[in-house]
Amino acid sequence: MSQIDQFLNALKRALKAKNIIYKDLAQSLDLSESSVKRILADKSISLERIEEICRACDLSFAEICKNANFEEEISGHTLSKEHEKVLAENPRLLHYFIMLNDGMTPQKIEREFDISANESKKHLLLLDKINLIELHPRDRVKLKNKAGTLRFRRDGAVGRTLFLQTKNNFLNYDFNEEGDYIRFSTNSFGPVSLAKFKKKFDKLVAEIQEESRVVEKDDNEAHDIGILLAMRPWKYPLEAIKKK
């Protein structure tokens, strides 16, 4: 990921930390909300515009640069096999922990999802017991691992569970509703080209996940989207003329 991308992501995180949504920023800059979204996605954003945003939101340019981690790629963390086993055995606990990792508070989870305060408390106590979180008074949570993308081993307990759910649920769909998007392409790649595109896909996924983390809280048009990128050795099954 480029340093420009890392800076823009740090800027978006700073806005989110101050509970500043795109609509509020648009009003401060006397712009439309769509213009603000375009500016924060534009890699050619000027220093003057950045300074204007920082001034309007009382943000420190130096602090944003400090938090951008220019020398680090966006990466996730992998749980231990013992932790994966506990989470895989309790799908609701797994989902709860993923939401905590995505930055949601227990109170927000209870408000927006079908979970009681009692069940939420049980999950928190168990996650604290197995050392995935630190539970503080008033159900304040500190993650033991740095918040960000969770990576599950493909052959691990959680990986197998999630893969089966994806294969049986996500792909069993016609992809014909408004807003659906699917493209399929067959290509020939050598090892170098294949490795290059895998790296590009990894960066794209990181960018998508970062953008999702800073989506406006009050955006009524925002809704959950599943995205699957996959490659595998494959020949079209109805190929009429085969290569010699």
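In this predicted model, residue K144 sits in the loop that runs between β3 (140-143) and β4 (150-151), and with a relative accessible area of 36% K144 is partly exposed. The chain as a whole has 244 residues, of which 27% are buried, and its secondary structure amounts to eleven helices and four strands. The points below begin with the surroundings of K144 and then turn to the cores, the charged pairs, the aromatic rings and the surface.

**Around K144**

- Once residues up to four places away in sequence are set aside, K144 touches N131, L132, I133 and E134.
- One of these, E134, is ten residues from K144 in sequence, and the C-alpha atoms of the two residues are 6.7 Å apart in space.
- Across the chain, when contacts between residues at least 6 apart in sequence are considered, 64% of them join residues that are at least 24 apart.

**Nonpolar cores**

- As a general background, nonpolar side chains in soluble globular proteins tend to be buried together.
- The largest nonpolar core has 22 residues, and the members that touch the most other members are L15, L25, L40, I53, C57, L59 and I64.
- Two or more residues of this core are given by each of the elements α1 (3-17), α2 (22-29), α3 (33-41) and α4 (47-57), and α1 supplies the largest share, with six residues.
- I53 is in contact with L11, L25, L29, I39, L40 and I45, when its neighbours within four places in sequence are left aside.
- Another core, lying apart from the largest one, has 20 residues, and these include L100, L127, I133 and L143.

**Salt bridges**

- In general terms, side chains of opposite charge can pair when their charged atoms come close.
- The count of salt bridges in the model comes to seven, and three of the pairs are described here.
- D58 forms a salt bridge with K18, with 4.0 Å between the closest N and O atoms; because D58 lies in the loop between α4 and α5 (61-67) while K18 lies in the loop between α1 and α2, the pair ties together parts that are 40 residues apart in sequence.
- With a relative accessibility of 63%, D58 counts as exposed, whereas K18, at 38%, counts as partly exposed.
- R92 forms a salt bridge with E119, where the closest N and O atoms are 2.6 Å apart, and this pair links distant parts of the chain, since R92 belongs to helix α7 (residues 91-101) and E119 to helix α9 (residues 117-129), 27 residues apart.
- R92 counts as partly exposed, at 43% relative accessibility.
- K121 forms a salt bridge with D139, the closest N and O atoms being 2.7 Å apart, and this pair also links distant parts of the chain, with K121 in helix α9 and D139 in the loop between β2 (133-136) and β3, 18 residues apart.
- The partners of this last pair fall into separate accessibility classes: K121 counts as partly exposed at 33% relative accessibility, while D139, with a relative accessible area of 18%, is buried, because the class covers values under 20%.

**Aromatic rings**

- The structure holds five aromatic pairs, and among them is the edge-to-face pair of Y173 and F175, whose ring centres are 5.0 Å apart and whose planes are at 85° to each other.
- Both of these residues are partly exposed, Y173 with a relative accessible area of 40% and F175 at 23% relative accessibility.
- A further pair, formed by F189 and F197, is tilted, with 5.2 Å from centre to centre and 45° between the planes; F189 counts as partly exposed at 41% relative accessibility, and F197 counts as partly exposed at 26%.
- F170, Y173 and F175 form one aromatic cluster.

**Surface**

- The chain exposes about 17,600 Å², and carbon and sulfur atoms supply 51% of that area.
- L204, V205, I208, I225, I227 and L229 make a nonpolar surface patch of about 480 Å².
- Within this patch, L229 is found in the segment after α11 (191-213), and L229 counts as partly exposed because its relative accessibility is 38%.

Definitions and conventions: Residues are numbered from 1 along each chain as its sequence is written. This is a predicted model: local features need pLDDT of at least 70, side-chain atom pairs count only at pLDDT 80 or more; totals for chains, interfaces and linings use all residues. Side-chain values use heavy atoms; hydrogens and water are left out. Patches are made of residues with over 30% relative accessible area and no salt bridge: like charges are joined within 9 Å, nonpolar side chains (Val, Leu, Ile, Met, Phe, Trp, Tyr) within 5 Å. Accessible areas come from the Shrake-Rupley method with a 1.4 Å probe; for residues, only the protein chains shown count as cover. A salt bridge is a side-chain nitrogen of Lys or Arg within 4 Å of a carboxyl oxygen of Asp or Glu. Buried means under 20% relative accessible area, exposed over 50%, partly exposed in between (1.4 Å probe, protein chains only). Rings of Phe, Tyr and Trp (its six-membered ring) pair if their centres lie within 6.5 Å; planes under 30 degrees apart count as stacked, over 60 as edge-to-face and the rest as tilted. Contact means heavy atoms within 4.5 Å. A nonpolar core is a set of buried Ala, Val, Leu, Ile, Met, Phe, Trp, Tyr and Cys residues joined through side-chain atoms within 4.5 Å.
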